Amino acid sequence: MRFKNTPRLGLLLLVFGACLPALAQKPEFHGAGWMQFGRIENSWAVTNSPNDYDENWIGNYGGLLSSSFRVDENWEAGLGAGSLLVHLARGNRNEANIWYPFWVGFLNEARFTWANTGYAENGGFRLTVGTQPYDYNRDAKNLGVYLLRGYVYPGTVVSGFADLFAVPASRSGLLGRIHLPGLLNGLTNDFMANVETDDKPFYDISVADVVDFRLHSSLELGAGVNFYRLFAAEKNATSPGKDCTGRGPDGNTGPGGIQDSPCFIQVPNAAGGLDTITGSLSGTKLMGRFRIDPKVWFGSPEVFGADEMVLYGEAAVLGVKDYPIFYDDILRRIPVMLGFNVPTAKVLNLSLEVEYYASKNSSDNLPAQNGSWLPAALGGPSTGRDDWKWSVNASKVVLGNIFVGAQVANDHLRLGGTHNTATGQEALRTLSDYYWVVKTAYFF
């Protein structure tokens, strides 16, 4: 949640920070500071393109500080904020050494939480009001977490190694968690409402529900639904309809009778005319995931770390509603991720992840620029797009508080733009494209 997009939160933070110390007992403080740098070895646009990222360095640096306050046996509050310095690789060969650094302030959490006494041990209900980090897939290192990241239409998929310590998968405006004991011990249900402050249009409200069930110590299943932008702050921005004034790059009618417009498409009908199809950035996401830990079957040998040998996966439906031309096949709206934590006898944490996503549309994140529910490449698939992504992630915590990690990946890295406004275009679109990055952090 960036401060520049939430001016009223500034006042809320001042009131929040002024009142809590008087009420709180034994505040606890947590924080982290990190630096990250790497290089793009091969990128998609390598010939006559202003977005040629080959051999461009990338990096970010930041820190955050948060505190939690126990008000009484039921109430707790938390407050945290941080800042991130980002270098956007410009990509132009003539300006490859010119970076545009900018600072981004973000609100990590500002919440009040109520939980019944003995919640963790005995089950019960917990309610959080405010903003806080939330991530339902603890195993995912880079790919996945589809339910809470990216747009429904046009089916944008997001990756996130760069978000470690800084930006979680989602920030809930309201989060209610039910933990059931007894026969259903291990089942949790999270109901949340999210206020959109990262992706335009801002302040739409999404409502989601996530269920996790630990059937056995070796098997965990999860499922979820997200009614994305269910309540629009401004209807015409979320669902622009056919009265919008914006038009496409040339204002002409494209292939198949599709009008080159960012707001609607026109398709031929049986009468020889054109039917106007309007859509929306809102839609419904579905998610299913699993986690298998085979070590339990062999008595959990101590030579292996807690997460080693774990196989995990996730799939999602990005929009259950069909639209002509671009969203006419639901199977092409289902990204699938599979990951495996390689056994290393506790030497380090090593994970391999692959993703298959057969969308025929561009995965560029262009709604942030023009508010369109249509894909970036009208009239056909995006140029040079491949269906596979991969990521190799290695990390180690040393001396209890120092994190050291590295990643080599062909994922959904997005760079470029002007000053602090990214283009939203993916830099890696073929199987030969990849980058590497290393990160070190101190946390407490």
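Leaving aside neighbours within four places in sequence, which residues is leucine 147 in contact with? The list runs Tyr136, Val210, Gly224, Val225, Asn226, Lys285, Leu286, Met287 and Glu314. Before we look around that residue, please keep in mind that this is a predicted model. Here is a friendly tour, from the whole chain down to single residues.

**The chain as a whole**

- The chain has 444 residues, and 48% of them count as buried.
- Its secondary structure comprises 22 strands and 4 helices.
- If you take the contacts between residues at least 6 apart in sequence, 63% of them join residues at least 24 apart.
- About 20600 Å² of the chain is exposed, and 62% of that area is supplied by carbon and sulfur atoms.

**Around leucine 147**

- You will find leucine 147 in the loop between β6 (133-134) and β7 (170-171).
- With a relative accessible area of 0%, leucine 147 is buried, because the cut-off for that label is under 20%.
- Lysine 285, one of the contacts of leucine 147, is 138 residues away along the chain, yet the two C-alpha atoms are separated by 6.2 Å.

**Nonpolar cores**

- The largest nonpolar core has 19 residues, and the members that touch the most others are Tyr136, Leu148 and Val210.
- Strands β10 (205-216) and β15 (311-318) each supply at least two residues of this core, with β15 giving the largest share, 3 residues.
- Tyrosine 136, again without counting neighbours within four places in sequence, is in contact with Val145, Tyr146, Leu147, Leu148, Val210, Asp212, Met287, Arg289 and Glu314.
- Another core lies apart from this one; it has 13 residues, including Tyr228, Ile277, Leu281 and Tyr327.

**A buried aspartate**

- Aspartate 139 also has its place in the loop between β6 and β7.
- Aspartate 139 has 3% relative accessibility, so it counts as buried.
- Beyond its neighbours within four places in sequence, aspartate 139 is in contact with Arg291, Val310, Tyr312, Asn341 and Glu353.

**Strands β17, β18 and β19**

- Strand β17 runs antiparallel to β18 (residues 388-398), and 8 bridges join the two.
- One pairing to look for is serine 351 with asparagine 393, its bridge partner in β18.
- On to the next pair: β18 and β19 (residues 402-410) are joined by 9 bridges and are antiparallel too.
- Here valine 392 stands opposite valine 408 of β19.
- The hairpin of β18 and β19 has 3 residues between the strands, and leucine 399 in this hairpin takes a positive phi near 55 degrees.

**A nonpolar patch on the surface**

- Leu311, Val336, Leu338, Phe340, Val354, Tyr356, Trp388 and Leu431 together make a nonpolar surface patch of about 670 Å².
- Two strands, β16 (336-342) and β17 (349-356), each supply at least two residues of the patch.
- The largest share, 3 residues, is that of β16.
- As background for reading such strands, side chains in a regular strand alternate between the two faces of the sheet.
- Tyrosine 356 is a patch member that sits in strand β17.
- Tyrosine 356 has a relative accessibility of 34%, so it counts as partly exposed.

Technical notes:
Residues are numbered from 1 along each chain as its sequence is written. This is a predicted model: local features need pLDDT of at least 70, side-chain atom pairs count only at pLDDT 80 or more; totals for chains, interfaces and linings use all residues. Side-chain values use heavy atoms; hydrogens and water are left out. Buried means under 20% relative accessible area, exposed over 50%, partly exposed in between (1.4 Å probe, protein chains only). Contact means heavy atoms within 4.5 Å. Accessible areas come from the Shrake-Rupley method with a 1.4 Å probe; for residues, only the protein chains shown count as cover. Patches are made of residues with over 30% relative accessible area and no salt bridge: like charges are joined within 9 Å, nonpolar side chains (Val, Leu, Ile, Met, Phe, Trp, Tyr) within 5 Å. A salt bridge is a side-chain nitrogen of Lys or Arg within 4 Å of a carboxyl oxygen of Asp or Glu. Two strands pair if DSSP finds at least two bridges between them. A nonpolar core is a set of buried Ala, Val, Leu, Ile, Met, Phe, Trp, Tyr and Cys residues joined through side-chain atoms within 4.5 Å.
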